[in-house]
Amino acid sequence: MNRTSLWIGCCFAVAAVSATAIIGCNMHIGWRIGLTFVMAASIGAAFWLFSRQLKRRSEEMLQDAQLSAIQLMNHQRHDWMNDLQLLYGYVRLKKYDKLPDCVETIKERMAEESRIAKLGLPELIMFLMQHRTSGGTMPLKVIIPEPLELDRLNLTVDAVRLTNMIVESVHTFRFASKEQGDAYCPLQLAIWCEPNQLNIQYQLEGKLLRPGEVAEKLRRIAMERGVRLEQLSANQHDGQDAYHIVVPCSA
């Protein structure tokens, strides 16, 4: 508990004691007026401190969001500089045959970033963008086959719960134990829409040490949001285990 919260509690305690004394004690009218003033002043001070605390928290949240945006811009600037240096290197070495593939890779990444930016959920967009560029040993490969605006879909899960579900699922894979030799394990996250359902699929490019624990955590995350989790075996999906969450939606 911080100091402001402690002061707010003290103010309400003083107000409660004053109210109890006014109601339960037989005292002179002057004392009643004085205690009424103390009670009102205590309640007013408590609400003033509470409003200051809310303002401070909102300022801290805004500052965190701004810092996240700056970090994202720095990471993207770094990626663009790497691409430019690669292109410049091919030109200097006169390896012109390499340029079309390099440009095509850049175009694909631009299209992917554009589709992420149009998802319509700001918190989810920031999370996906950040973990694409700064995922460490588990970078996020986001696959959105067709443009998708999640805020326009009539989903059974609201925007906040959908964002939290995806964030928790990604962190489940990030902190899960991997087999030795699989320290670098990109995670593919595919999002696409079909009639009456939104599909979210996770596929780790590596081996989990305890896949049963991961499946159980993902199942709990899905159940808490009232959606369905399907586990696709390695034989069903390109030799890698995949987890498929289905979020119902109506037209």
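1. Let's start at P186: at 5% relative accessibility, this proline counts as buried. You'll find P186 in the loop that runs between helix 5 (159-174) and strand 3. Have a look at R174 too. P186 and R174 are 12 residues apart in sequence, and their C-alpha atoms are 9.5 Å apart in space. Bear in mind throughout that this is a predicted model.

2. Now the overall plan. The protein has 6 helices and 6 strands. Going along the sequence, the elements come in the order α-α-α-α-β-β-α-β-β-α-β-β. If you want to trace the chain on screen, that pattern is a handy guide.

3. How much of the protein is buried? Of its 251 residues, 35% count as buried. The exposed surface of the protein comes to about 15700 Å², and carbon and sulfur atoms supply 59% of that area. As for contacts, take those with a separation of 6 or more: 67% of them are between residues 24 or more positions apart.

4. Strand 3 (residues 187-194) deserves a look together with strand 4. The two strands pair in the antiparallel sense, over 8 bridges. One pair to pick out is Q188, which stands opposite Q203 in strand 4. Strand 3 and strand 4 form a hairpin, with 2 residues between them.

5. Which residue in that turn has a positive phi? It's N196, with a phi of about 70 degrees. N196 isn't a glycine, and it sits in the loop between strand 3 and strand 4. Most residues other than glycine have a negative phi, so a positive value is worth a second glance. N196 is exposed, with a relative accessible area of 54%.

6. What about strand 4 itself, is it buried or exposed? Strand 4 (residues 197-204) is mostly covered, and 8 of its 8 residues are buried. The side that holds Q197, N199, Q201 and Q203 points one way, while L198, I200, Y202 and L204 point the other way. Both sets are buried, so don't expect the glutamines and the asparagine of strand 4 to count as exposed: buried means under 20% relative accessible area.

7. Y202, from that second set in strand 4, turns up again among the aromatics. F173, Y202 and Y243 form one aromatic cluster. A search of the whole structure finds 2 aromatic pairs.

8. There's another positive phi to check, at K94. This residue is not a glycine, yet its phi is about 60 degrees. K94 is found in the loop between helix 2 and helix 3 (99-117). Is K94 buried or exposed? With a relative accessible area of 62%, K94 is exposed.

9. Last, the surface. Which residues make the nonpolar patch of about 280 Å²? They are F12, I43 and F47. I43 has its place in helix 2 (residues 29-92). Why can I43 belong to a surface patch? Its relative accessible area is 31%, so I43 counts as partly exposed, and patches are made of residues with over 30%.

How values were computed:
Residues numbered from 1 in each chain as written. Predicted model: local features only at pLDDT ≥ 70, side-chain atom pairs only at ≥ 80, totals over all residues. Heavy atoms only, no water. Helix = DSSP H or I, 4+ residues; strand = E, 2+ residues; numbered from the N terminus. Buried < 20%, exposed > 50% of the residue type's maximum accessible area, 1.4 Å probe, protein only. Contact = heavy atoms within 4.5 Å. Areas by Shrake-Rupley, 256 points an atom, 1.4 Å probe, with all protein chains shown as cover. Patch = residues over 30% accessible without salt bridge, like charges linked within 9 Å, V, L, I, M, F, W, Y side chains within 5 Å. Salt bridge = Lys/Arg side-chain N within 4 Å of Asp/Glu carboxyl O. Phe/Tyr/Trp six-rings, centres within 6.5 Å; stacked < 30°, edge-to-face > 60°. Pairing = 2+ DSSP bridges.
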